[in-house]
Amino acid sequence: MGKRSVAVLFGGNSSEHEISRLSATSVLNNIPSDRYEVVKVGITKGGRWFYYPGPVDAIENGDWEKDPGNRPAYLSPDTAARGLTIKEENGERLIPIDVVFPVLHGKNGEDGTIQGLLSLAGIPFVGCRCAASALTMDKIYTNMVLDSAGIPQARWTWCRAFDYQKEPDAVLERVEKALGYPVFVKPANAGSSVGVGKASNREELSRCIEAAAACDQRIVLEEAVAGKEVECAVLGNEEPVAATVGEIVPCNEFYDYEAKYQLESALYIPARLPAQTIEEIRRMAVKAFLALGCEGMARVDFFVRDSDGAVLLNEPNTIPGFTSISMYPKLFDAVGLPYPQLLSRLIELGLERA
């Protein structure tokens, strides 16, 4: 049997474009070349698609966009195509694709949009399908499902940017009454802590809501939990398994975009927790994975509260970071599944589901 053709999509029309390039660089450097024939597909911030034949090391800093070998390309929703169509000077040619690995974080990559296109095209892909991707990208809907599944979370509420703009005092009073201070403010649909802020008084709360509203029209507000921030990696389809649990000690006040990707936060694998707490987190991660309809992969983030040791689910991420410092591959490596084998397993899970 010949090599499987894997299209790796990177970049994207998203606020997380740069992080996608970092993740994709690591993925491309670790996909086993003896098993897979890789097709690199770059998407610009403006949403243009290109077949990219150049070197992997030009992706991280964005230089790939200048490559003279780039050709406009697209995936057709027509199931007869089942591949990447490349526009050449003398017409078009089709590269058959067996499976797609969308290394696309945030909007237009993690929210069900690319998953819907691939489903229409009949091309297998890595990760969650359309519905689960859309659900888990939206923090409001995610929290509602987790509440209904009986999975403990921090106290939370939500508002529309429209409501805040119309009656700001009413919204501020409602949040203060429900959650008190300090409170975290997040766009309902954004990743990598983009647009997230922490407020300790009404003036800061107002500023945080306005910042979140610049990213999304719906806003989630959560009580601040004093405790450890930990993460658990989950892998599988019908019978998912959880790796061990990792702990993050943010270099900033909280684990924001800068702390995740630009500065060095401390990581502990396994987390500095009792064995029974780690097992509770692993069980809860799998329960949340199934309740949300996830498949393939997810990183599920938690708080462990200092006051009583309670485990509270923070949020799931269905296309977790795959950079050289990302927790998802590190957690599976810690339990005996090295990065290249993890990528192979993810690709095979996508093919098995199809």
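## A partly exposed methionine

M144 has a relative accessibility of 38%, so this residue counts as partly exposed. The cut-offs behind that label are under 20% for buried and over 50% for exposed. The model is a predicted one.

M144 sits in helix α4. Together with Y141 and W158, M144 forms a nonpolar patch on the surface. The accessible area of the three residues together is about 290 Å².

## The sheet

W158 also leads to the sheet: its bridge partner is V220 in β11. Strands β8 and β11 (residues 218–223) pair in the antiparallel sense, over 5 bridges.

The full sheet is open and has 4 strands. Their order is β8-β11-β9-β10, and the pairing is antiparallel. β8 (156–160) and β10 (197–199) are the edge strands. Each has a single partner strand, so one side of each lacks a neighbour in the sheet. On average, neighbouring strands are turned by 25 degrees against each other, with direction ignored. In general, strands of a sheet pair through backbone hydrogen bonds.

## Helices on the sheet

Helix α4 covers residues 139–148. Helix α4 lies across β8, β9 (183–187) and β11. Against β11, helix α4 runs at about 50 degrees.

Helix α6 (residues 168–179) packs on the sheet as well. Helix α6 touches β8, β9 and β11. The direction of helix α6 makes about 170 degrees with that of β8.

How values were computed. Residues are numbered from 1 along each chain as its sequence is written. This is a predicted model: local features need pLDDT of at least 70, side-chain atom pairs count only at pLDDT 80 or more; totals for chains, interfaces and linings use all residues. Side-chain values use heavy atoms; hydrogens and water are left out. Two strands pair if DSSP finds at least two bridges between them. Helices (H or I, at least four residues) and strands (E, at least two) are DSSP runs, numbered from the N terminus. Axes are lines fitted to C-alpha atoms, for helices over the stretch in contact, and angles run from 0 to 180 degrees between N-to-C directions. Contact means heavy atoms within 4.5 Å. Patches are made of residues with over 30% relative accessible area and no salt bridge: like charges are joined within 9 Å, nonpolar side chains (Val, Leu, Ile, Met, Phe, Trp, Tyr) within 5 Å. Accessible areas come from the Shrake-Rupley method with a 1.4 Å probe; for residues, only the protein chains shown count as cover. A salt bridge is a side-chain nitrogen of Lys or Arg within 4 Å of a carboxyl oxygen of Asp or Glu. Buried means under 20% relative accessible area, exposed over 50%, partly exposed in between (1.4 Å probe, protein chains only).
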